[in-house]
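Please open the structure in your viewer and keep the sequence panel beside it. This tour moves from one selection to the next and says what can be found at each stop.

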Amino acid sequence: MTTLDILAPVDGILVDLTDGVLSVTINRPDSLNSVTTDVLDGIAEVMEAAARDARVKVVRLGGAGRGFSSGAGIGADDVAGGVPTDIIVAANRAVRAITALPRPVVAVVQGPAAGVGVSLALACDLVLASEKAFFMLAFTKIGLMPDGGASALVAAAIGRIRALRMALLAERLPAADALDWGLISAVYPAEKFDDEVAAVIDGLKTGAAVAFARTKDAINTATLTALDSTLDREYVGQSQLLAANDFREGIKAFQERRNPEFTDS
């Protein structure tokens, strides 16, 4: 019995291994695949197990329904009993597991990717998007900062100025613009999306596994030199922001559909 066979099922994730392709699907479509601590830990466990399973040739990470992931589902009630740092730890573990996995990991983004959903997608080696997809770092709208390594992953892809634009202005970045900026790997028409993704994954499945592993390690080592320190820095900063008045006001304003009145300084 191999590692993947003995993984306990995780609510909110679908896992399938067929012909060398490990499909990991966030299965919470009613919330646009918002992620919980358990979901993020589950993703990490599957990725860590895949690194030890020779049957896995390529990993496909996607979301059920019409979106990739709307990010972490944290509300005001979640901080009532204390700062929910567990979800930050879980997100960091998932990102580390994806980037360390010695197999190609493909993010399949058919719709919205927001918050830590952007981090999960950019931790992958290829980001394939439908023309209907968009990317958004919406953290500052509720008084938070990017996490899940987004500070490093986004900047490594598109540079400091554009990363700051995404993070500070919290604008939607359509897939076509994301491709133009260098944030993602490819954009396909919605009606051809599944076929194009399948073609890319089939090519990776039959490719040179050792060469892929060494290429991924070399490029990640060269470009993500600050990822570990970024994850640590984001943990400290986000923990403080989750305990601040601005976050509570940001969540309340979001629920009441009004502009927040931030007061922290």
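Before the first selection, it helps to know that a residue is called buried when its relative accessible area is under 20%, exposed when it is over 50%, and partly exposed in between. Please also keep in mind throughout that this is a predicted model.

**First stop: a patch on the surface**

Select Val-89 together with Tyr-235 and Val-236, which form a nonpolar patch on the surface, with about 240 Å² of accessible area together. Val-89 belongs to helix α2, which covers residues 86-100. Is Val-89 buried, partly exposed or exposed? Its relative accessibility is 45%, so Val-89 counts as partly exposed.

**Second stop: two aromatic rings**

A pair of aromatic rings is described by the distance of the centres and the angle of the planes. The structure holds one aromatic pair, and to see it you should select Tyr-188 and Phe-193, whose rings are 6.5 Å apart from centre to centre, with 45° between the planes, an arrangement that counts as tilted. Tyr-188 is buried because its relative accessible area is 15%, and Phe-193 also counts as buried, with a relative accessibility of 4%.

**Third stop: a serine in a loop**

Now select Ser-69, which you will find in the loop between β3 (58-63) and α2. With a relative accessible area of 0%, Ser-69 is buried. If you display its side chain, you can follow it to the backbone nitrogen of Gly-71, which the side chain reaches at 3.2 Å. Setting aside residues up to four places away in sequence, Ser-69 touches several others, among them Ile-26, Leu-32, Asn-33, Pro-112 and Gly-117.

**Fourth stop: positive phi angles**

Most residues other than glycine have a negative phi. From Ser-69, step across to Asn-33, one of the residues that Ser-69 touches, and look at its backbone: Asn-33 is not a glycine, yet its phi is positive, at about 60°. Asn-33 sits in the loop between β2 (21-26) and α1 (37-50), and it counts as buried because its relative accessibility is 0%.

Next, select Arg-257, which is found in the segment after α10 (245-256). Arg-257 also has a positive phi, of about 55°, although it is not a glycine. Is Arg-257 buried or exposed? At 79% relative accessibility, Arg-257 counts as exposed.

**Fifth stop: helix α4 and what surrounds it**

Select helix α4, residues 150-158, and colour Ala-150, Ala-152, Leu-153, Val-154 and Ile-158, which are buried. Which elements do the buried residues of α4 pack against? They pack against α2, α3 (116-123), α5 (160-169), α6 (175-181) and α9 (227-242), so it is useful to show these helices as well. After α4 comes Gly-159, whose phi is positive, near 90°.

**Last stop: a leucine beside α4**

Finally, select Leu-183, whose place is in the loop between α6 and β9 (186-188). Leu-183 is buried, with a relative accessible area of 4%. How far apart in space are Leu-183 and Ala-157? Although they are 26 residues apart in sequence, the distance from C-alpha to C-alpha is 5.3 Å. Leaving aside neighbours within four places in sequence, the contacts of Leu-183 include Val-154, Ala-157 and Ile-158, as well as Leu-122, Phe-135 and Met-166.

Note on methods. Residues numbered from 1 in each chain as written. Predicted model: local features only at pLDDT ≥ 70, side-chain atom pairs only at ≥ 80, totals over all residues. Heavy atoms only, no water. Patch = residues over 30% accessible without salt bridge, like charges linked within 9 Å, V, L, I, M, F, W, Y side chains within 5 Å. Areas by Shrake-Rupley, 256 points an atom, 1.4 Å probe, with all protein chains shown as cover. Salt bridge = Lys/Arg side-chain N within 4 Å of Asp/Glu carboxyl O. Helix = DSSP H or I, 4+ residues; strand = E, 2+ residues; numbered from the N terminus. Buried < 20%, exposed > 50% of the residue type's maximum accessible area, 1.4 Å probe, protein only. Phe/Tyr/Trp six-rings, centres within 6.5 Å; stacked < 30°, edge-to-face > 60°. Polar contact = N/O pair within 3.5 Å; in protein donor to acceptor, adjacent residues only side chain to side chain. Contact = heavy atoms within 4.5 Å.
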